[in-house]
Amino acid sequence: MKKKFFPYLIFGIATGIIAWACQEFLFILIKDGVIPSFLQSVLSGTLLGAIIGAIIGRLEGFIVYNKPQALRGTVIGGFFGGISGLFSFYLVDYIQQHLPSMVAGNTYYLDFLLASRWTIISVFIGISIGIRDQKNHRFARGVLSGIISGLIGSGLSIPIFSEIQDPFWARGVYIVSFVAIIAIVLVLTSTFGRKEWIKALNGKYEGIDFELTQDIHLLGSQIDDDINLSSYQNVNRTHAKLLKYYTGYSLVDNDPFGQTFVNYRSIKEQPLKNGDILKIGNAIFQYCKKAS
Amino acid sequence: MPFFNIVKKLPKNGFDILSLCFTSNFTISMNTSIKLCLVTIVLMLTQVSTLLADNYFKHSVNEDTVILIVPLFIGGIFLFLFSKIWFMTKREKRHGFLSITTHRPQRFFPLDSNVKNMEPIVSALADEQTNVYSNLSKLTLSVKSTGVFLEDKNYKISILINRRRSRRCFLNDGDIIDMGELTLIYQCPRKKNAKQEQKTSTTSGHLIPRARRAHAKLLKNCPTLVPVDTRKKTFYLTKNVTHIGRSEMNDLIPKSKSVSLMHSKIERVGGRFKLVDLNSSNGTFVNGRRIDSKLLKEKDEISFESIKYIFTTTGRIR
């Protein structure tokens, strides 16, 4: 991921606007009587959670043209987001209806209760990111970012809903700011606990860090490759592989023309060390390892 | 791809949750999580009366706001696509050095014509802890309009340019300089040199090879492939390995459908040339016989189905 906040902020705002528009469309359907009105809050919760989760899960694969990761992210993120929205909105309704003695005395307590459902949604989105990547430290990172963004977002909900009187604009402002916070926290925590990564030094991906987590990473110009280099010259389909060993990664040449280099020397297989420069076709990467 | 196919592809064992924090083998898998969710949904359906509670997300909709929904949706999608394009577009490169030392923050130093040594660059980009094992005042830079010329005037060469030891070098865009523990990358907005290199490299096999500098003689007797069809160009075997095939990565690209993507290659083996077939579908022939690998002799006729070449070491057959 690139460490730039401003583009991610705009990504977040855009997803927030999309989710908001879909939710308002659902409300119109309910007003016309297509959907029974007692399902309003639960359905809006599932819809919001599913859309936010799907787009946030898709984001990382969408940026670096990694199609399988993007597809997995949309499906798993949408599923978990939807479940979390349904669960959290239902829970709040349940407490309001069946335990009125908890809420009746203090209005601040009700506000706190209504705010807490956003924490549940953001934590579930973090979990979905962890399940997408199937790695422990990714899971921990997702949960951490979910907790941080959920706390900030739920804290923000109290002033926004008390200040803005019109419910349409209050909902809109809150959803957009909530998703923007999630996107920014994801960027901030993207370096937490990573061990090995390669940094692109030229071309289209300049400045982006690709984190290495799997046992095999495929580099090449094919769609299914983990790191898609189709925008570079002299790159074949599945040009090279990064294999994981106990000590670290090693680069394996897979093309017949000998266009894979480590430190500007043509290689067949080469174990990598910190600061090595990989050249695949015309693309240049730097291999970095966490300081021990 | 349907949802449940993806779910099946995930490993059934699952993975440890926060095993960094907890040592116990508490695992969760996708199937069990789906079951848990289904159970919670069923539990929710048993108590429908809770859905009648009231909060912000149950206010009725004003009719004025209906107009805004479709433009908001389209605007959101456009903003999403726009932000990706904006994220990916490169800014114009500035002229200077960028430090890419690992575990250090990246910093940039813009170059002027006033800079004579590497001293100001290293003092700006490196910390006090990094060791640069050289006398920096003797690493001279001469900045011109066309580019930068770097020269090492120390007694022992202390820098690596593109991971090779070199005393003097004209820097191109994307060149990497190592000075002790510090690594720098040179960035330049112009790419004239790179373009020229690409042009020469793609057509190098069909041009007459230049004089070699070490011997200061013209290569008269260069081994060549002369086509039987006189309209085509002759090919000079200058590299140690030349690849023949229809894909663009090859050196010699015969434009015929009977040639495979990677057809065959010619290696230099101890002063002689060896033709090796790379499992091509239609086969390579030498003097009319299909071969797997063969050492070439003078005036051998190499053919890939319809296309024929004659191999000579002197460069003249007619």
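How many of the residues of strand β11 (residues 182–187) of chain B are buried? The legends below refer to a predicted model, and the first view takes up this question.

**View 1. Strand β11 of chain B and the covering of its two faces.** Strand β11(B), which spans residues 182–187, is mostly covered, with 6 of its 6 residues counted as buried. The burial extends to both faces of the strand, since L182(B), L184(B) and Y186(B) are buried on one side, while T183(B), I185(B) and Q187(B) are buried on the other.

**View 2. The strands β3 and β10 that are joined to β11 in chain B.** Strand β3 (residues 96–99) of chain B runs antiparallel to β11(B) and is joined to it by 4 bridges; within this pairing, L98(B) has I185(B) as its bridge partner. Strand β10 (residues 176–179) of chain B is likewise antiparallel to β11(B), again through 4 bridges, and here D178(B) stands opposite T183(B). The strands β10(B) and β11(B) form a hairpin with 2 residues between them, and G180(B), which lies in the turn, has a positive phi of about 65°.

**View 3. The surroundings of L171 in strand β9 of chain B.** L171(B) belongs to strand β9, which covers residues 168–171 of chain B. This residue is partly exposed, because 19 other C-beta atoms lie within 10 Å, whereas a residue counts as buried at 20 or more. When neighbours within four places in sequence are left aside, L171(B) is in contact with G147(B), V148(B), L150(B) and Y186(B), and the last of these, Y186(B), is one of the buried residues of β11(B). F149(B) is 22 residues from L171(B) in sequence, yet the two C-alpha atoms are 6.2 Å apart in space. For chain B as a whole, 34% of the contacts between residues at least 6 apart in sequence join residues at least 24 apart.

**View 4. The open sheet of chain A and its two edges.** This open sheet of 6 strands follows the order β2-β1-β11-β10-β7-β8 in chain A, and its pairing is antiparallel. Strands β2 (209–211) and β8 (265–266) of chain A each have a single partner strand and stand at the edges, so one side of each is left without a neighbour in the sheet. At the β2 edge, strand β1 (residues 196–200) of chain A is joined to β2(A) by 3 bridges, and I198(A) has F210(A) in β2(A) as its bridge partner.

**View 5. Helix α7 of chain A.** Helix α7 comprises 22 residues, 167–188 of chain A, and reaches 32 Å from its first C-alpha to its last, which is close to the 32 Å expected at 1.5 Å a residue. Among its buried residues are R171(A), Y174(A), I175(A), F178(A), V179(A), I182(A) and L186(A). An α-helix has 3.6 residues a turn, so residues three or four places apart point the same way.

**View 6. The nonpolar cores, seen around I51 of chain A.** The largest nonpolar core has 53 residues, of which A19(A), I51(A), I52(A), F124(A), I125(A), V179(A) and I182(A) touch the most other members. Helices α1 (5–32), α2 (40–63), α3 (67–98), α5 (107–133) and α7 of chain A each supply at least two residues of this core. Apart from its neighbours within four places in sequence, I51(A) is in contact with I18(A), A19(A) and C22(A). A second, separate core of 43 residues includes I227(A), L251(A), L272(A) and F285(A).

Notes: Residues numbered from 1 in each chain as written. Chains lettered and ligands numbered in written order. Predicted model: local features only at pLDDT ≥ 70, side-chain atom pairs only at ≥ 80, totals over all residues. Pairing = 2+ DSSP bridges. Buried ≥ 20, exposed ≤ 12 C-beta atoms within 10 Å, placed from the backbone. Contact = placed C-beta atoms within 7 Å. Expected span 1.5 Å × (residues − 1). Core = buried A, V, L, I, M, F, W, Y, C linked by C-beta atoms within 7 Å.
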